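Grab a pencil and pull up the model in your favourite viewer. Try each exercise before you read the solution under it.

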Amino acid sequence: MERPWYRRFNWLLAVSVIGLSLFGVLIIHSANLHNLDASSEWRKQLVYIAIGTGAMAWFASVDYRRWRRWALHLYIANLVMLGIVMASGHAALGAQRWISLGPLGTFQPSEPAKLILAIVIASLLASSTASGPRDFALTVLAVALPAGLILKQPDLGTTLVILAMLSAQLFFGLTKPWYFAVYAAGSAAVAAFVVGTNVILKPFQRSRLLIFLHPNSDLRGAGWNLNQSKIAVGSGELFGKGLNHGTQTQLDFVPEHSRDFIFTVVGEELGYLGSLGLVTMYGLVLFGALRAVFAARDRFALLLSVGIVTMLAFHVTVNIGMTVGIMPITGIPLPFMSYGGSAIITDFAAIGLLLNISMQRDKLVF
Amino acid sequence: MSASAEPRRTVLSLRSGWKLQLFVAALALALIVLIARLTQIQIVEGPKYASAARANQIRRIPVAAPRGRIYDRDGTLLVRSRPAFVCALVPSEVRDPAAMMRLLSKTLDLPEALLWQRLLNHHGVHYKTFDEVATYEPYGPIILASELTTAQMARLAEAQAELTGIDLEAQPVRDYPYARAGSHIFGFVGQITEEEYRERKNLGYSPNDVIGKDGLEEHYDDLLRGTPGGEQIEVDSQGRLVRRLGPVDPIPGHSLILSIDWRLQQIAERAVNDELAAWGRVHGRALAGAVVAIDPHDGGVMAMVSFPNFNPNDFTNGIKESTFKRYLDDPLKPLYNRAIEAATATGSTFKMVTGSAAISSGVIGKDQVLYDSGSWACHGETFTDIAAGGLGSVDFIHALAASSDGYFYQLGDRLGHERLRYYALQYGLGSKLGIDIPGEYPGNWPTNAWTMKTYGVPLQPADVCQLAIGQGAMQATPLQMANVAATVVNGGTLYRPHLVAAIRDATGKVVKRFDNPVIRHVAVTDEALREVRAGMDRVTDPGGTAYGLAVPGLPFGGKTGTVETDGGRGPNTTWFIAYAPSTNPKFTLAVFMERTGGYGAEVAAPVAQRIIAEYFKKKLGQ
């Protein structure tokens, strides 16, 4: 017998992401206290959260299996959007990442691309119980095209997120472990080539990527952001300097502090306790998300939820990791915290998908 | 093919398998690594990063301390700092530099091009654009106009509302009320150059400092400069001013109390100036000279004059290029302090040394009579008196008063090179005395090695007779000769001559008193010095070389000297060394008249006579 939806609903996951995003608004407000150009960001973020919550509710109510049927359409739509970015997207921060929506602002197709690819990969690997070399090759090729377009923008961070999802989904989807071993070895070789040469990455991306290994080099150039970011987080010490009182944040020593570097505001103004609190919140979100993985009642659901959990975990780890110098600076946002509509709506939608998966646990399978 | 058709078993087996455990473990590990790193950065290394964050945001706008004052031995104020109003610009607060400079040009009534020139070129750095200035010196302040007139200040105050980023500031400016008098003693001040800043930045100097560039200003800069104050400001990552955190008051520099007797200094300045002008008219060219007066009882310098001189006020607000060029192009080099830097042969004034050496070492007795034929064959070379004829048989005192070369050639011959050099060096010749201003020249006493290097031949035995009368390759400065006289007068103590007697802090408390350092007690006998003084006391007597130059009512001792230049073809350099009064002398004098022509008695001695007469308020009968 099916229990009522509110009994089956994954409240922990839904409530923790809404709480996290509202906490994020507070931090964005503090981050932009002295930045008149961005003083309305926190209000806009509230609107995005509202839209995102609506998207989450809608995705939670739509049977996840429908996405598997729509996978090809979504994939093509995604390629078209990325193509438009390539052709006409205007330059922002030296990167072609946005499509202008006129008065509605801008839209960043690489954000939903992550979710769409999670769906596409899951459906490709779910279609056979065997998941042999043919599925493997098809999946890698299917991912390579949009990932290549995103890398070209250039958006290295999102490309890496997609590769992380692909890896996790292949890990679960490939039935024979040695298939995955081949994939892992191949990826390692490609990664070495990409990081070691200027063929794929632009020199500034490489220096940004590798600077965390040499934290004291080039403090006025590539090392500046990392150094200032570490000073910000470290100087928060145990209790922090108080909300709105971080000198590194308020005096603009840390760049992009309402976006990619938002964690530095938490670290500096709320200190170690605030940082621990935030990491714990993400722990709760991941715990809630894992419930969907455990609840998955078919291969598609399992692979899709693994993809989404990987996406969230990768974002959190790499983003926070970069602000404290243990991950390369790749420029990916902190989920539910960083300012940005495309990202926040995509993240909420992804949680909606997980909510649907975990709600269908009790459903009878025919 | 539909997902629901899959056997549930497959999913379950996947879910419960090792893959899922590994996945969960990886997620947990990522969070644990983050927490570990946060613990390291925020707790373990937190204090380090906290101080780095503070260093990021706090800057100081230096406010110069007024430099210490300089007084003479009686408390006469010689050098001070007076407040002057300057118009300063803080680059980070200026929004539209072009409009600002236009308005400022109108307000101050100064050409816009001049203001731009000052904005872009200061402290030895040359910028191309305003943006560069704002980037490298965001809070300046950059002085665009100094020494504002009352009218300029009034207009500036009126326009203040429109002139954001422009400050009217009071700044201490060095002021030398006596202008050219004593210029070589004081030196001058100027903006620190990039190179000077690099050398001194560890000593608390900042790139905007005004520092002493010569004279006492340079030597005592660390004491005179005081401790700059400053305004603590908080800046953002672009160096823009965020908030003022309150001022730190500057501590004014220490004051110097000199051994200089300003009355004597001024008398000496006038005497030298007038004499040089008079002889200059005779020769139809400008002339140079110097006077040093030393207190024989402690080595304190009581007067130091060098002509031509300069006006240190020319340097205080950044010297004009044309003025500086005039100083540099003047063939007589007004910036050059002849009192301590000019070294020539001393002529017969050196007989003080030769005479006391001869008696002290016993090569002649007291009252020794020698036959002066007007020349002397010295190691195969015959030297003839510069003045014609010999004195015949003459004793030491009369030989010295009359400056008999024939007599002193024989003393040189008897002493020999080694002994003569020993006494010359004992008296402080050939080495720096260590006076407390920069640029002192050690002079020279020729050694075998030196003549080999310079002339390619060894020191000749006959040279000793030349050196004994202060000719040849020996060189001494006016300071050294005044100090030799002081040693003769005080019984053989060679003091380190010094200009500063005491140092007081801004509240007037004496922080340091100079203990009249003794370089050495010269190895001469009292008897020898008495004989030398007796000879010098008779210099103005009949038969003395300065006969007719006595000061009525104030007997003084002296010794003339005349030096040929350019191998006898150039105009003579003339010297006169004196001490006055002859009993219990108050000071010794060295008068040095560079290439004036004539003889010591004609050119240099009258300067000393006038200084002594005026200082002791005696009338010269003429």
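What follows is a set of exercises on this predicted model, each with a worked solution.

**Exercise 1. Get a feel for chain B: how many helices and strands does it have, and what share of its residues is buried?**

Start with the secondary structure: chain B has 23 helices and 25 strands. Next, look at burial. Of the 622 residues in chain B, 52% are buried. Last, check how far the contacts reach along the sequence. Take the contacts in chain B between residues at least 6 apart; 72% of them join residues at least 24 apart.

**Exercise 2. Find the largest nonpolar core and say which of its members touch the most other members.**

The largest nonpolar core holds 105 residues. Those touching the most other members are Leu304(A), Leu334(A), Met337(A), Ile351(A), Leu353(A) and Phe23(B). Now zoom in on Ile351(A). Skip its neighbours within four places in sequence, and you find Ile351(A) in contact with Leu13(A), Val17(A), Met56(A), Leu312(A) and Phe336(A). There is also a second, separate core of 86 residues, and Val189(B), Leu258(B), Leu420(B) and Tyr423(B) are among its members.

**Exercise 3. Is Ser305(A) buried or exposed, and what does it touch?**

First place the residue: Ser305(A) sits in helix 14 of chain A, which spans residues 299–323. Then check its accessibility. The relative accessible area of Ser305(A) is 0%, so it counts as buried, the cut-off being under 20%. Finally, list its partners. Leaving out residues up to four places away in sequence, Ser305(A) touches Ala292(A), Val293(A), Ala296(A), Leu354(A) and Ile357(A).

**Exercise 4. Work out which strands flank strand 12 of chain B.**

Begin with strand 12 itself, residues 255–258 of chain B. Both of its faces are covered: Ser255(B) and Ile257(B) are buried on one side, Leu256(B) and Leu258(B) on the other. Leu258(B), by the way, has already turned up in the second core.

Now the pairing. Strand 2 of chain B (residues 70–71) pairs with strand 12 of chain B in the parallel sense, over two bridges. Strand 20 of chain B (residues 500–504) runs antiparallel to strand 12 of chain B, and four bridges join them. To see both pairings from one residue, use Ile257(B): Tyr71(B) stands opposite Ile257(B), and Ile257(B) also stands opposite Ala502(B) in strand 20 of chain B.

**Exercise 5. Describe the interface: how much area do chain A and chain B bury between them, and how many salt bridges cross it?**

Count residues to begin with: 54 residues of chain A contact 41 residues of chain B. Together the two chains bury about 4300 Å², and carbon and sulfur atoms account for 71% of that. On the chain A side, Phe172(A), Leu251(A) and Tyr272(A) supply 14% of the area buried against chain B, more than any other three residues.

Then ask about charge. The salt bridge count between chain A and chain B is zero, although seven residue pairs are in polar contact across the interface. As for secondary structure, the elements of chain A that give two or more residues to this side include helix 8 (156–173), helix 13 (262–295) and helix 14. Helix 13 of chain A gives the largest share, 13 residues.

**Exercise 6. Compare three salt bridges: where do their partners sit?**

Over all chains, the salt bridge count is 20. Side chains of opposite charge can pair when their charged atoms come close.

- Step one: Asp63(A) and Arg65(A) form a salt bridge, with the closest N and O atoms 2.8 Å apart. Asp63(A) is partly exposed at 26% relative accessibility, while Arg65(A) counts as buried at 19%.
- Step two: Lys114(A) and Glu111(A) meet at 2.7 Å, N to O. They are three residues apart in helix 6 of chain A (residues 110–126), so about one helical turn separates them. Both Lys114(A) and Glu111(A) are buried.
- Step three: Glu614(B) and Arg270(B) meet at 3.8 Å, N to O. Glu614(B) lies in helix 23 of chain B and Arg270(B) in helix 12 of chain B, so this pair ties together parts 344 residues apart in sequence. Both are partly exposed: Glu614(B) has a relative accessible area of 29%, and Arg270(B) one of 42%.

**Exercise 7. Which residues of chain B are linked in a network of salt bridges?**

Look for Arg67(B), Arg174(B), Arg200(B), Glu217(B) and Asp221(B); salt bridges link them in a network.

Conventions. Residues numbered from 1 in each chain as written. Chains lettered and ligands numbered in written order. Predicted model: local features only at pLDDT ≥ 70, side-chain atom pairs only at ≥ 80, totals over all residues. Heavy atoms only, no water. Core = buried A, V, L, I, M, F, W, Y, C linked by side-chain atoms within 4.5 Å. Buried < 20%, exposed > 50% of the residue type's maximum accessible area, 1.4 Å probe, protein only. Contact = heavy atoms within 4.5 Å. Pairing = 2+ DSSP bridges. Buried area = accessible area lost by both parts, 1.4 Å probe. Salt bridge = Lys/Arg side-chain N within 4 Å of Asp/Glu carboxyl O. Polar contact = N/O pair within 3.5 Å; in protein donor to acceptor, adjacent residues only side chain to side chain.
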